[in-house]
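I opened a new page to write down what I looked up in this structure. The entries follow the order in which I checked things.

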Amino acid sequence: MTSAKQKSTQTMKPATAAKKLGVLLSATPAEFQEGVVSREELNSLQAQPPAWLADLRRNGPHPKQVVAAKLGVSISGLARAGIDGPLTTEEIDELKDENPAWLEHERSIQAEVRKEARRLKDQ
């Protein structure tokens, strides 16, 4: 005899879902932070983001991995510069406009890292 197995729904913690969505968990609505997120719900949020998610992605506050990507530096580069918290899009744009010496230096380091990674990949 064969028994029909129920397909279990894959769920994740809100922190994991927020990371996959590229948003700061503490900035999400309470109902998102307090529940669990299924794979189907995550896919739906990615395909058709609600207003709160679109606003967070557009204006922030952004988690450090998003801040680093928007500035073109590594997360370590942010830490070396003393930036250890989330930043809004406006704050990121101000940093880009100011282009402080540390940002220029970290961007050059990141460019060298990418160049070396390409060189190793092409070997």
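The entries below cover one helix pair and two single residues in a predicted model.

**Entry 1: a helix pair.** I began with a general reminder to myself: a pair of packed helices is described by the angle between the two axes and by how far apart the axes are. I then looked up helix α1, residues 14–21, and helix α3, residues 39–47. Their packing angle is about 30 degrees, and the axes lie 11 Å apart. Angles under 35 degrees count as roughly parallel, so α1 is roughly parallel to α3. I also noted the handedness of the α1 and α3 crossing, which is right-handed.

**Entry 2: the residues between them.** Which residues of α1 meet α3? I found Ala-17, Lys-20 and Leu-21 on the α1 side. On the α3 side I listed Arg-39, Leu-42, Leu-45 and Gln-46. I sorted the residues of this contact into four nonpolar, one polar and two charged.

**Entry 3: Glu-106.** I located Glu-106 in helix α8, which spans residues 101–122. Is Glu-106 buried or exposed? Its relative accessibility is 5%, and buried means under 20%, so I entered Glu-106 as buried. Leaving out residues up to four places away in sequence, I found that Glu-106 touches Val-73, Gly-77 and Arg-80.

**Entry 4: Thr-89.** I placed Thr-89 in helix α7, residues 89–98. The relative accessible area of Thr-89 is 17%, so Thr-89 also goes down as buried. What does Thr-89 contact, apart from neighbours within four places in sequence? I wrote down Arg-58, Asn-59, Gly-60 and His-62.

Methods: Residues numbered from 1 in each chain as written. Predicted model: local features only at pLDDT ≥ 70, side-chain atom pairs only at ≥ 80, totals over all residues. Heavy atoms only, no water. Axes fitted to C-alpha atoms, helices over the stretch in contact; angles between N-to-C directions. Helix = DSSP H or I, 4+ residues; strand = E, 2+ residues; numbered from the N terminus. Parallel < 35°, antiparallel > 145°, perpendicular 65-115°, else oblique. Left-handed = near helix turned anticlockwise from the far one by under 90°. Contact = heavy atoms within 4.5 Å. Nonpolar A, V, L, I, M, F, W, Y, C, P; charged D, E, K, R; others polar. Buried < 20%, exposed > 50% of the residue type's maximum accessible area, 1.4 Å probe, protein only.
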